[in-house]
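Biologist: I would love a close look at one helix and what lies around it. Could you walk me through that part, and then follow the chain outward from there?

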Amino acid sequence: MSLNVLFLGEIVGRAGIAVLKKELRSLRHELDVDLCIANGEGTTNGFGIGAAHSVQLTKLGVDVITGGEKFYYKVDFVEFLPKCPFAIRPANYPPLSPGRPFRILERKGHRIAVVNFISSSGFSRIGASNPFVQADHLVKKLQEDAGIVLVQFHSATTAECATFAHYLDGRVACVVGTHNKVMSADATILEGGTAFISDDGRCGADMSVGGLDPDKEIYKFTTALPTRSWESWSDCQIQGVLVKVDEESGKALEITPVRRRVEVERPEVKKNDD
Ligand SMILES: [Fe+2]
């Protein structure tokens, strides 16, 4: 028997919320999903997640929200974190950082730990500790507390994500990368039974720059002028991976990319929004 875990790619803006609203319930049913994990740090206009949006994601069918370097961008979410049971910060953040470093849930009589780390590369200003060192300690503790350990790795590089997955191979059910928001073609089961993909894509506009309007990003690169990025609504998709985990061994049986086009309507743009 297996546990089916759906990892959703980063949810980017209102388009990302719209695809979840339209598709997630039926997708959960169709794929017989026991647990849904999503990177939510881009839910509010692509930059952070507000408290209300975090609650909305859980109502739409997300069980655990993970994050990365944009996790604390919205003040009301930071204030909400101490009483928020469903969102987890990277576990290798400084010890005084608000929020929980992992979450343990029960499904089909099994205890499942979900833990999130952030890479050493790319995020030097955050002050996170070495994820490899931190994982050694924490994964051992979680293995004792829960039979199944699921890892989300917020990684700026595919190389560090692959290295992290091989490092934890055989100790955790999966290492699923996020941050780049471009689904990679390297989904596989490693020799020790750990499922791996270096990036599980995004939920939101596919014909875009990481879910954002290309015109705004082109303007930034061609003028050097600061301007606000804006979400795109072009070719909206729900993306992620389905990981099947053997209930007894806690190792992965399958990892399957999920990528579906979702027809959603762009809401009317308010004056001054664009
Ligand atoms: Fe990120």
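Modeller: Happy to. In H4, the buried residues are Pro 131, Phe 132, Ala 135, Leu 138, Val 139 and Leu 142. This is a predicted model, so please read everything here in that light. The cover over the buried residues of H4 includes strand E5 (102-107), strand E6 (110-118), strand E7 (148-154) and helix H5 (158-168).

The helix itself can be checked for length. H4 covers residues 131-145, and at 1.5 Å a residue its 15 residues should span 21 Å; the end C-alpha atoms are 20 Å apart, which agrees. The N-terminal end of H4 is capped by Asn 130, with a side-chain oxygen lying 2.8 Å from the backbone nitrogen of Phe 132. Phe 132 is thus named twice, since it is also among the buried residues of the helix.

Now to the sheet beside the helix. Six strands form an open sheet in the order E5-E6-E7-E8-E10-E9, and the pairing is mixed. E5 and E9 are the edge strands, each pairing on one side only. H4 packs on this sheet and touches E5, E6 and E7, and its direction makes about 170° with that of E6. Further along the strand order, E8 pairs with strand E10 (residues 195-197) in the parallel sense, over three bridges. Cys 174 stands opposite Ala 195 in E10.

E8 is a good place to pause, as Thr 178 has its place in that strand. Thr 178 has a relative accessible area of 2% and is therefore buried, the cut-off being under 20%. The side chain of Thr 178 makes a polar contact of 2.7 Å with the side chain of His 154. Leaving aside neighbours within four places in sequence, Thr 178 is in contact with Asn 39, Gln 152, Phe 153, His 154, Ser 155, Ser 198, Asp 199 and Asp 200.

His 154 leads us to the metal. The protein donors of the iron ion are Glu 41 (OE), Glu 69 (OE), Glu 69 (OE), His 154 (NE2) and His 179 (ND1), at 2.1 to 2.8 Å from the ion. Along the sequence, the spacing of these donor residues reads E-x27-E-x84-H-x24-H. Distant parts of the chain are linked by the pair Glu 69 and His 179, which are 110 residues apart: Glu 69 sits in the loop between strand E4 (64-66) and helix H3 (75-80), and His 179 in the loop between strand E8 (174-178) and strand E9 (188-189). With a relative accessible area of 17%, His 179 is buried.

The backbone of His 179 deserves a look too. Most residues other than glycine have a negative phi. His 179, however, has a positive phi, near 110°. Asp 32 is another non-glycine residue with a positive phi, of about 55°. Asp 32 lies in the loop between helix H1 (13-30) and strand E3 (35-39), and at a relative accessible area of 49% Asp 32 is partly exposed. Just after H6, Ala 224 takes a positive phi of about 65°. At the start of that helix, H6 (residues 214-223), a side-chain oxygen of Asp 213 reaches to within 2.9 Å of the backbone nitrogen of Asp 215.

Back at the sheet, Gly 193 is in the loop between E9 and E10. Gly 193 counts as buried, at 11% relative accessibility. Apart from neighbours within four places in sequence, the contacts of Gly 193 are Asp 169, Val 172, Ala 173, Lys 251 and Ala 252. Gly 193 is also 9.4 Å from Ser 249 in space, C-alpha to C-alpha, with the two 56 residues apart in sequence.

One last stop is another helix. Ser 54 is in helix H2 (residues 51-60), and at 0% relative accessibility Ser 54 counts as buried. Leaving out neighbours within four places in sequence, Ser 54 is in contact with Ile 49, Ile 65, Phe 77, Phe 80 and Phe 86.

How values were computed
Residues are numbered from 1 along each chain as its sequence is written. This is a predicted model: local features need pLDDT of at least 70, side-chain atom pairs count only at pLDDT 80 or more; totals for chains, interfaces and linings use all residues. Side-chain values use heavy atoms; hydrogens and water are left out. Donors are N, O and S atoms within 2.8 Å of the metal (3.2 Å for Na, K and Ca); water is not among the atoms, so sites may look incomplete. Helices (H or I, at least four residues) and strands (E, at least two) are DSSP runs, numbered from the N terminus. Buried means under 20% relative accessible area, exposed over 50%, partly exposed in between (1.4 Å probe, protein chains only). The expected span of a helix is 1.5 Å times one less than its number of residues. Contact means heavy atoms within 4.5 Å. A polar contact is a pair of N or O atoms within 3.5 Å; within protein, one must be able to donate a hydrogen and the other to accept it, and residues adjacent in sequence count only if both atoms are side-chain atoms. Two strands pair if DSSP finds at least two bridges between them. Axes are lines fitted to C-alpha atoms, for helices over the stretch in contact, and angles run from 0 to 180 degrees between N-to-C directions.
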